[in-house]
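User: Please take a close look at the contact between the two chains, and describe what each part brings to it. I would like one connected account rather than a list.

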Amino acid sequence: MNPHDVVISGIGLVSSLGEGPDAHWQKLVQPRLEPVLEASRFSPYTVHPLPEIDWNLQIAKRGDQRQMETWQRLGTYAAGLALDDAGIKGNDELCATMDMVVAAGGGERDEAVDAAILAASESRNDRDVLLNEKLTTELRPTLFLAQLSNLLAGNISIVHKVTGSSRTFMGEEGAGVAAVETATARIRSGQSTHILVGGAFQTEHSDMLLGYELAGYLHRGAWRPVWQRQGAEGGGVVTGSGGAFLVLEQREHAERRGRKIYAELGPVLSGRARRRRGELDGEIAALLKQAALPDGELLAISGASGAHAATAAEKSALEANPAIAARGFSTLTGHLKEAQFPFAVALAALAVDRKAAYPVFDATVEKPFAGVPKTVLATAIGYHQFEGMALIKAA
Amino acid sequence: MANLNDHMGRPIVAVTGIGVVTSLGVGKADNWAALTSGKSGIHPITRFPVDHLNTRISGMVDFLPSSSKGASLLTYELAETAAQEAMSEAGLDAGDFGGPLFLASPPVELDWSERFSLYNSDTHDTGAERLLRVARGLRELDIFETTQFGSIADRLADRFGTRGLPITLSTACASGATAIQLGVEAIRRGECDRALSIGADGSATAEALIRFSLLSALSTHNDIPEKASKPFSKDRDGFVLAEGSGALVLESLEAALARGATVLGILRGCGEKADDFHRTRSKPDGSPAIAAVRAALADAGLSEDGIDYVNAHGTSTPENDKMEHLSLSTVFGERISSMPVSSNKSMIGHTLSAAGAVEAAFSLMTMRESVIPPTINYDNPDPAIVLDVVPNAKRNAEVGTVLSNSFGFGGQNTCLVMAREPV
């Protein structure tokens with residue numbers, strides 16, 4: 001133990017399963033839990049929708065809520081849950097000195113305006129003029145900021161008063177990996193004492209589905225668990241709406257505040273395989289090696305997306321080590337994109353804290369884990385690019 | 001033997017390569033010649049029709065092969081061009097950089113030209129349903145790549161052989177400064193000997209222009225484009241949307257000296273502070289910007305007396321210039337009225353995600369060349385803003401230290417302190 005260890009002292013989670021670490025734990029330890037699915041709204045795609053959320057609980061001012069589209073609201077809400085959980089919310093001094101790294105997407109466009117422009121484009125050759133004509137008159141002025149990437153962090157500053165520093169990373173799962181990795185490095189080096197880190201993804205918007213489907217990544221047809229989509233129609237990804245924020249804290253700082261510590265964050269590793277050159281298998285193996293996995297049975301919280309190539313590579317790498325018992329949580333939450341890695345780390349920390357493993361999420365592929373998980377592996381192998389892993393240890 | 005560590009015992013971070021592209025041209029030589037002769041790069045928009053638009057001028061980069069190919073490809077080319085110049089100045093193998101990449105770039109969205117062509121390649125269904133159906137029939141990844149936030153950095157990582165997972169970031173108009181800050185921090189933590197920090201923005205599309213217009217952020221002085229950006233003037237009426245890129249090769253001073261590299265300057269300190277007041281406006285007392293400047297000074301180990309020149313954020317919006325003056329005069333006191341403070345944006349406009357990196361590049365050149373670029377279009381001073389803005393003509397001056405400010409929407413405030421020499 002070192003006073004500069006990085007510990008997890010707050011967790012904020014939202015997914016189709018509910019909100020908060022307790023609700024997630026209670027759901028996820030139920031054997032044969034059924035996922036919450038929405039198969040008709042975006043047919044032929046299935047998504048895991050947002051649960052019922054009372055936004056007022058974390059975003060008190062209606063005026064603030066109106067300045068955000070759903071993705072920003074969701075992230076701001078999940079961040080508030082994490083701050084509450086860590087006993088930081090409402091503490092002006094701790095918020096004003098708290099750093100923040102948000103893994104962000106963005107781009108919730110006005111679907112009605114876009115559809116009207118596209119429809120009009122069928123009978124117009126001067127499409128650039130059409131665009132000016134429609135956008136200048138029909139875009140809501142506030143929409144720009146309400147969907148802008150760095151304004152999730154901006155809203156967290158405004159609503160929760162986190163103002164030590166504010167950085168937004170972009171780039172799908174890799175943004176979440178880099179956010180956790182950078183935050184961890186800053187605490188270890190003594191640059192920061194407490195950092196809010198995480199992300200959110202709101203999939204119930206056609207542009208969010210389009211972002212995957214332009215490369216054919218989405219699974220179509222009947223839903224299947226994340227490990228069982230090879231060979232099915234489509235590209236294997238089933239998305240979900242959700243968010244995950246963590247309060248990472250220097251051990252000494254958390255202990256001085258007398259806070260509950262869920263777990264210690266061990267090594268956080270990231271990589272960029274040049275996948276077109278076939279480097280993914282080697283990269284995953286290299287990350288596993290760098291992680292210096294402990295001896296004995298190991299629980300792994302896998303962020304596998306379902307994307308055929310990446311998921312097959314991860315599955316075979318994990319299966320190559322007989323000590324690893326993997327849990328593909330996307331089976332139950334859907335793929336949460338930028339939030340995927342923070343979500344994996346949060347679920348790993350919960351298992352360490354509760355001294356129990358999750359039951360299998362997919363009985364045909366995953367194997368049981370009977371012991372007490374003292375160290376848990378969290379992974380996020382990007383559906384298209386970038387890879388990350390972390391070891392989460394008993395505090 | 002030079003001191004290799006700073007006042008806090010951290011490795012000193014040197015700059016060994018600089019690259020820049022703006023509407024004034026490609027590369028340091030052309031940009032510096034134009035900038036020091038008070039030339040403006042702001043011109044009428046020709047990339048798309050300007051019917052129905054209130055603002056019809058910009059500082060777009062219209063002379064690159066990708067200038068008409070959409071935001072993603074142009075942003076990549078801007079980043080690559082600046083990085084190539086920086087790498088070559090640093091004397092490094094451009095295919096095997098061997099350090100991490102930090103890229104400040106605009107958030108990406110599917111371009112309208114692609115939306116139109118996808119939509120009109122089919123006739124079944126309408127709206128998003130049609131787009132999704134066409135999308136899943138595509139057999140190549142070119143369009144997909146333009147919608148992935150990490151793709152530009154991924155391509156740059158391939159091109160330059162940077163190490164590990166590249167970080168793509170956005171802190172709005174402070175992004176370029178944040179990219180540099182991340183590189184500085186990585187070197188100080190000992191994670192690497194060198195880092196490549198790039199800010200690039202080629203996203204001046206019609207929709208981007210309209211979005212900023214709807215926020216009343218842009219100048220509408222269309223008639224004489226080169227006069228539209230007038231930071232600190234009484235009749236300033238908004239910023240001018242622009243494109244550009246800046247790239248720095250950062251190295252620990254120790255590694256730079258060990259390989260015999262020329263040290264172009266020192267990245268001495270970085271400071272930041274978020275504002276919780278409003279999405280586009282600053283806290284009326286200016287306290288977050290003040291805190292960011294002070295944090296940068298403290299990080300650099302300098303007092304208020306230690307800064308010779310301020311490279312201002314100076315956007316030419318009524319709000320920014322007023323608040324920037326308030327913060328500078330609070331930090332520097334009476335001395336501010338005699339300190340040179342100039343805005344590159346008077347000539348190149350606001351290059352958004354690139355601005356912090358472009359202006360860091362110009363700050364370093366200011367020290368190396370002993371010439372301060374002017375604030376042009378300063379014909380009608382704002383009486384409420386008493387600053388030595390280096391009005392209208394360059395000034396020869398020994399400059400040993402520079403403060404470069406970047407303030408952005410969403411309460412982002414990042415300041416960099418650069419020095420000509422190691423301590």
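**The contact between chain A and chain B**

Analyst: In this predicted model, strand E5 of chain A (167-170) pairs with strand E6 of chain B (residues 167-169) in the antiparallel sense, over 2 bridges. Within this pairing, A:Met170 stands opposite B:Thr168, which belongs to E6(B).

The strand pairing belongs to a contact that draws 62 residues from chain A and 62 residues from chain B. On the side of chain A that touches chain B, at least two residues each come from helix H5 (111-121), helix H6 (127-138), helix H7 (143-146), helix H8 (151-160), helix H9 (172-188) and helix H10 (206-213), and the strands E5(A) and E9 (263-271) of chain A likewise supply at least two residues each. Among these contributors H6(A) gives the most, with 8 residues. Sorted by class, this side of chain A holds 25 nonpolar and 26 polar residues, together with 11 charged ones.

For a view of another pairing, this one within chain A, one may turn to strand E10 (residues 298-302), which runs parallel to strand E11 (residues 324-328) of chain A, the two being joined over 5 bridges. One of the paired positions is A:Ala300, whose bridge partner in E11(A) is A:Ala326. Together with helix H13 (residues 308-319) of chain A, E10(A) and E11(A) make a right-handed β-α-β unit, and E11(A) is itself mostly covered, with 4 of its 5 residues buried.

Conventions
Residues numbered from 1 in each chain as written. Chains lettered and ligands numbered in written order. Predicted model: local features only at pLDDT ≥ 70, side-chain atom pairs only at ≥ 80, totals over all residues. Contact = placed C-beta atoms within 7 Å. Nonpolar A, V, L, I, M, F, W, Y, C, P; charged D, E, K, R; others polar. Pairing = 2+ DSSP bridges. Buried ≥ 20, exposed ≤ 12 C-beta atoms within 10 Å, placed from the backbone. Right-handed = clockwise from strand over helix to strand, strands pointing away.
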